[in-house]
Amino acid sequence: MKQVEKNKRLSPGAWVVTPLNARDRLTNEERALSFTVAKQSLSGWGRYKPQECAVYRPERRSELFSLLDSGAPRPFIPRGLGRSYGDAAINPEGGVIDMTRQNNMIRFDPETGLLECEGGVSLAEILEAFVGRGYFLPVTPGTKFVTVAGAIANDVHGKNHHCDGSFSRFVESFELWTPTRGILTCSDSENSDIFQVTVGGAGLTGVILKVRLRLRRVESAYVKVDYQRCNHLDAALEAMAASDKDYLYSVAWVDCLASKESLGRSVLMRGNHARVSELPGKLSGTPYRLPRRPTLAVPVDFPGFALNSWSIRAFNTLFYATNKDTRDKIVDYDKYFYPLDGILRWNRMYGKKGFIQYQATFPFSERAGLVKMLEHLAQAKCASFLVVLKCFGEAGSGMLSYPMPGYTLALDIPNRPGLEEFTRELDRILLDHGGRLYLAKDALTAPETFAAMYPNLDAFREMRRSLDPENVLRSTMSRRLHLDK
Ligand SMILES: Cc1cc2nc3c(=O)[nH]c(=O)nc-3n(C[C@H](O)[C@H](O)[C@H](O)COP(=O)(O)OP(=O)(O)OC[C@H]3O[C@@H](n4cnc5c(N)ncnc54)[C@H](O)[C@@H]3O)c2cc1C
């Protein structure tokens, strides 16, 4: 086993913070604590309805435990890099525990690819440390600025779900602090029921301290990608059904403003990790080196009207026109997996009022539901510039894990008057077709709607209650959806 050097911490740029004269607002109990605490206006990545929360940032594990044992106002909710779009990691009642300082890598076994690290390590830190050694993440969402614990708490999925399932499949075990049972090691074979309730459990069963994660061996930092334009949803779904099996990664960009004979026109972007022998000459000598790119940032909030159906239509037309059918294009992993990470604070593009993300999954048998939703979006001129469609494979074992076999569509919706009514209509289409929403994205759905989508909810609540009968852990989301009932 080899000791891995400690990585640089990421700047907490994920936070949506309104700086205020923090100390003045703290209670005496909060001030008495030795670790960092501040009152901050906090939201999810969508910046939708921020709430003022006391935020603790324990530097070390010992500080985390002192906080949990202290008289500081409860409940708490752990938070990673705040990349959930909605209210999963905010809590104005007690406090939010920022876990990003718990980001030590502990050990790595190059034979097995098994990495042991603290829960606050980010996927970006793992990539930085391990791609050069020939390892990649086994599953990655569309941003690398998420923590390993955050990835478990939402059991995140990537473009390879149809082949590999979601993140928890590659988690050998984790260490969890629980309110009633202390620290437990959880895996498929040890405390497996607690493993299953924690995976996708939205931080409500305990605080994930350490994780053992299996990385994937790769020969390069590049993906060999085929781009294929499809002039209608049917063509895209048929192409995916026919040949997704040839690709480890598959995703489609969808023009959600296109309608009628162009409904759901898409660009499929499917690929596999490139072998060294597949790289062009100039890259084959340094297969793990990424091209240098300037980091861009959105410096201010865009005015709310900047992203409208006209500007998005222009963007969509251009995107569709420029992405011609191409085979075997060699693309670096940053560009393929994380196109938005290259623009820091891109969430400001939706203006001060923020936006929500809506992710809907329909069972394969309910293609009509997907069509209905796309028709509804096109009719409403719903202006989202990044709409993605994927096919999910088998569901995992997490009680509230999101993926199930079917089509999944994700899009941003700006916060404009009528947003709630609009999402209620989308929820109705989803319910009528046996579909479900994703906790990592949700900010608005009603508890009854959520309950109708997740048959294991009662079992989740019961198990959670046994671990946390006094509700030491709660969030705005858990209150809104009655997850902690
Ligand atoms: C641009 C973008 C693209 C995305 N693409 C995808 C995608 O393709 N697939 C996908 O599945 N998701 C995707 N997401 C969502 C994102 O992957 C998840 O929301 C992820 O959980 C965020 O992790 P985080 O570290 O930011 O956690 P946070 O958002 O801070 O918290 C998420 C949850 O984790 C819990 N949590 C955090 N730390 C701990 C801990 N130590 N112990 C216990 N619980 C904890 C929190 O309480 C909360 O419930 C995307 C998000 C963005 C912004």
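**Ligand shell.** I started with the ligand: 32 residues stand around it, and Gly80, Pro141, Gly150, Ala153 and Gly203 come nearest (near here puts the C-beta atom, placed from the backbone, within 6 Å of the molecule). I noted that this is a predicted model, where local features need pLDDT of at least 70, side-chain atom pairs count only at pLDDT 80 or more, and totals for chains, interfaces and linings use all residues. My residue numbers run from 1 along each chain as its sequence is written.

Which elements give two or more residues to the shell? I found β3 (76-79), α4 (148-153) and β10 (207-214), with α4 giving the most, four residues. Helices here are DSSP runs of H or I with at least four residues, strands are E runs of at least two, and both are numbered from the N terminus. By class I get 18 nonpolar, 12 polar and two charged residues in the shell (nonpolar is Ala, Val, Leu, Ile, Met, Phe, Trp, Tyr, Cys and Pro; charged is Asp, Glu, Lys and Arg; the others, Gly among them, are polar).

**Helix α11.** Next I looked up α11, residues 367-379: its 13 residues reach 18 Å from first C-alpha to last, close to the expected 18 Å (1.5 Å times one less than the number of residues). I list Gly369, Leu370, Met373, Leu374 and Leu377 as its buried residues (buried takes 20 or more other C-beta atoms within 10 Å of the residue's own, exposed 12 or fewer, partly exposed in between, with C-beta atoms placed from the backbone). They cover an arc of only 135° around the axis, which puts them on the same side of α11; the arc is that of the directions from the helix axis to the C-beta atoms. Ala368 and Gln379 are exposed on the face turned away from that buried side.

What do the buried residues of α11 pack against? I see α7 (233-243), β18 (355-363), β20 (406-414) and α12 (419-432), counting contact as C-beta atoms, placed from the backbone, within 7 Å. Just after α11, I caught Lys381 with a positive phi of about 50°.

**Strand β18 and its sheet.** I followed the packing to β18: seven of its nine residues are buried, so it is largely enclosed by the rest of the structure. Nine bridges join β18 to β20, antiparallel; I matched Phe355 with Pro414 and Ala360 with Leu409. Two bridges, also antiparallel, join β18 to β21 (436-437), where Thr361 stands opposite Arg436.

I then wrote down the open sheet of eight strands, with antiparallel pairing: β16-β12-β14-β13-β19-β20-β18-β21 (strands pair if DSSP finds at least two bridges between them). β16 (326-332) and β21 stand at the edges with a single partner strand each, so one side of each has no neighbour in the sheet.

Technical notes:
Contact = placed C-beta atoms within 7 Å.
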